[in-house]
Amino acid sequence: MSGIAMSPTWKIEVLLPSQEAAETFGLALDALCFAAAAFEVVPDGPWRLECYCDGMPDNDALVAAIAIACAQADIPEPKVTCIPLPEVDWVSENQKSFKPIRAGRYFVHSSHYEEQVPPGCWGMMIDAATAFGTGEHGTTKGCLLAINDLAKSVDIRRPLDLGCGTGILSMGIARAWPVTVMAGDIDPEAVRVTRFNARRNGLGDQIDAVVSTGFSNQVLGQNGPYDLIVANILANPLKRLSRPIRKHLLPGGVVILSGLLASQEMYVRAAF
């Protein structure tokens, strides 16, 4: 949070003679740490235990835990290192590692991508953020491919993205047809991210995102019925939404459903 100094993460590193000793020390240090991992330095050689703490660990507690572990493992006091780790913006690091994704004509890339979008492609800039959907997940990519194929033969005029996440599918629809896309999500943060991504991709005027649990927001009902409804969520919510989706779908309309396991396909099909 802005204006609040956050305690850095500290790492306790201990070099130990065996896996058994590493397990003993891991248990002894467990109360001081939020995470731990042990690694074999070389085959049949010493082990390195790494424990991570919120802020600098209490020195007396650390010394006592090490002494107890030495007695339990029956070994002399090992080398112990305790240092603060540099603060890292993991969201930014993840964005840098995000490689472009092709899905039909769609070319999804992060803001760190410095090359040109390939000719003939629909470019969409999406950064890893606090909402689901950058195109990496198979369910999202599958929806983009379905929309891509639909755009070859069907004229869509009233689309809805139900469970919009980052807005990637809303933008995919807006790239394929010059229409206004209604978008809804149960999470206000997802709606915020959708609006942000729509603006940065020049699609702010085409995407109307609202907070809604299913069709609870009256705006979604008022702008229907729809000739395309895309719902990339989960199997159980899809089943619960089957009747409302049918109610808000125009005769002859298209529904794209995703977010389920292959083993759940018949379960969802039956509901629709």
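Biologist: What relative accessibility does Glu-189 have in this model?

Modeller: This is a predicted model, in which local features need pLDDT of at least 70 and side-chain atom pairs count only at pLDDT 80 or more, whereas totals for chains, interfaces and linings use all residues. Residues are numbered from 1 along each chain as its sequence is written, and side-chain values use heavy atoms, with hydrogens and water left out. Buried means under 20% relative accessible area, exposed means over 50%, and partly exposed lies in between (1.4 Å probe, protein chains only). Glu-189 counts as partly exposed because its relative accessibility is 25%.

Biologist: With which residue does Glu-189 form a salt bridge?

Modeller: A salt bridge here is a side-chain nitrogen of Lys or Arg within 4 Å of a carboxyl oxygen of Asp or Glu. The partner of Glu-189 also lies in helix H6, three residues apart from it, about one turn of the helix; helices (H or I, at least four residues) and strands (E, at least two) are DSSP runs numbered from the N terminus. The closest N and O atoms are 2.7 Å apart, and the partner is Arg-192.

Biologist: How many residues apart in sequence are the parts that the pair Arg-200 and Asp-127 ties together?

Modeller: The side chains of Arg-200 and Asp-127 meet in a salt bridge, at 3.2 Å from N to O. Arg-200 belongs to helix H6 (residues 188-200), while Asp-127 sits in the loop between strand S7 (122-125) and helix H4 (138-150), so the parts that the pair ties together are separated in sequence by 73 residues.

Biologist: Is Asp-127 buried or exposed?

Modeller: Its partner Arg-200 counts as partly exposed, because its relative accessibility is 31%. For Asp-127 the relative accessibility is 10%, and therefore this residue counts as buried.

Biologist: Which residue meets Asp-149 in a salt bridge?

Modeller: Asp-149 itself counts as partly exposed, at 43% relative accessibility. The residue that it meets counts as exposed, at 65% relative accessibility. The two side chains come within a salt bridge of 3.5 Å, N to O, and the partner is Lys-152.

Biologist: With the side chain of which residue does the side chain of Lys-11 make a polar contact?

Modeller: Lys-11 lies in strand S1 (residues 9-16) and is buried, with a relative accessible area of 15%. A polar contact is a pair of N or O atoms within 3.5 Å; within protein, one must be able to donate a hydrogen and the other to accept it, and residues adjacent in sequence count only if both atoms are side-chain atoms. The contact of Lys-11 spans 3.2 Å, and the partner side chain is that of Glu-13.
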